[in-house]
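Student: Could you walk me through this structure before I set anything up with it?

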Amino acid sequence: MKRVLQGLLFVAGAALFVFVIKAVGFEKLSVIFPALAGWGWTVFLVYPFMCFWDVLGWRVLFDRQWKKQLNLWELYLIRLAGEAVNNITPFIDVAGEFLKVLLVEKRLQISKKSAAAAQTQTAWTSRQPASR
């Protein structure tokens, strides 16, 4: 069942990717790629690098026993999943934070309160102006 769900989500993501490319127009996108010649492609390394440091900071909040159950790579993937939801939904940044809490709770088998305590983004989001 899990593999079927993963397959369906992959197909849905691929379909969404194709839809976005068609909506924007391949001609418009093809103009961007020559600008990435040489060292231009390194712009894509900024976000993963920033996420890595954020995950390290997030991991500090976990107790020693939880760090053994949840390695850095898994925590990184949980963060990316939450950020993906934040970026594709119109719910400010709260929807992805909810997903992060659920994934951490499921992986570590801890209470929602403990998982939510590790979420610094939720507090940051709640103090943002409504005009965002």
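Tutor: What follows goes from the overall fold to the salt bridges, the aromatic rings and the pocket.

Tutor: This is a predicted model, in which local features need pLDDT of at least 70 and side-chain atom pairs count only at pLDDT 80 or more, while totals for chains, interfaces and linings use all residues. Residues are numbered from 1 along each chain as its sequence is written, and side-chain values use heavy atoms, with hydrogens and water left out.

Student: OK, how many helices and strands are there in the chain?

Tutor: The chain has 8 helices and 0 strands, where helices (H or I, at least four residues) and strands (E, at least two) are DSSP runs numbered from the N terminus.

Student: And what share of the chain's residues counts as buried?

Tutor: Of the 132 residues, 20% count as buried, taking buried as under 20% relative accessible area, exposed as over 50% and partly exposed as in between, with a 1.4 Å probe and protein chains only. As for contacts (heavy atoms within 4.5 Å), residues 24 or more positions apart account for 45% of those in the chain with a separation of 6 or more.

Student: Switching to charges, how many salt bridges does the structure hold?

Tutor: There are 3 salt bridges, each being a side-chain nitrogen of Lys or Arg within 4 Å of a carboxyl oxygen of Asp or Glu. They link D54, R79, E83 and K100 in a network.

Student: Which residue does D54 meet in a salt bridge?

Tutor: The side chain of D54 pairs with that of R79, at 2.5 Å from N to O. D54 lies in helix α3 and R79 in helix α5, so this salt bridge ties together parts that are 25 residues apart in sequence.

Student: Is R79 buried or exposed?

Tutor: R79 counts as buried because its relative accessibility is 7%, whereas D54 is partly exposed, with a relative accessible area of 34%. Leaving aside neighbours within four places in sequence, R79 is in contact with Y47, M50, C51, D54, V55, W58 and K100.

Student: Where does E83 come into the network?

Tutor: E83 forms a salt bridge with R79, the closest N and O atoms being 4.0 Å apart. These two residues are separated by about one helical turn because they are 4 residues apart in helix α5. The side chain of E83 also meets that of K100 in a salt bridge, at 3.1 Å from N to O. That second pair links distant parts of the chain, since E83 is in helix α5 and K100 in helix α6, 17 residues apart. Both E83 and K100 are buried.

Student: While we're on helix α6, what about E97?

Tutor: E97 is placed in helix α6 and counts as buried, at 1% relative accessibility. The C-alpha atoms of E97 and G82 are separated by 5.9 Å, although the two residues are 15 apart along the chain.

Student: New topic: how many aromatic pairs turn up?

Tutor: A search of the whole structure gives 3 aromatic pairs. Rings of Phe, Tyr and Trp (its six-membered ring) pair if their centres lie within 6.5 Å, and planes under 30 degrees apart count as stacked, over 60 as edge-to-face and the rest as tilted. One of the pairs is F49 with W53, whose ring centres are 6.0 Å apart and whose planes stand at 80°, so the pair is edge-to-face. F49 and W53 are separated by about one helical turn because they are 4 residues apart in helix α3, residues 46-60.

Student: What about F52 and W53?

Tutor: The rings of F52 and W53 have centres 5.4 Å apart and planes at 75°, so that pair is edge-to-face. Ring pairs link F49, F52 and W53 into a cluster.

Student: Are F49 and F52 buried or exposed?

Tutor: F49 counts as exposed, at 53% relative accessibility, and F52 is partly exposed, with a relative accessible area of 31%.

Student: Last thing, how much space lies in the largest pocket?

Tutor: About 540 Å³. A pocket here is an open set of points on a 1 Å grid over the protein atoms alone, where a 1.4 Å probe fits, with protein on both sides within 12 Å along at least five of seven lines, and lining residues have an atom within 4 Å of a point. Its volume is the space filled by probe spheres set on the points, which are joined across faces, edges and corners.

Student: Which residues lie nearest the centre of that pocket?

Tutor: The largest pocket is lined by 14 residues, with K2, Q6, I78, L103 and K106 nearest its centre. The largest share of the lining, 5 residues, comes from α1. By type, the lining divides into 9 nonpolar, 1 polar and 4 charged residues, where Ala, Val, Leu, Ile, Met, Phe, Trp, Tyr, Cys and Pro count as nonpolar, Asp, Glu, Lys and Arg as charged, and the others, Gly among them, as polar.
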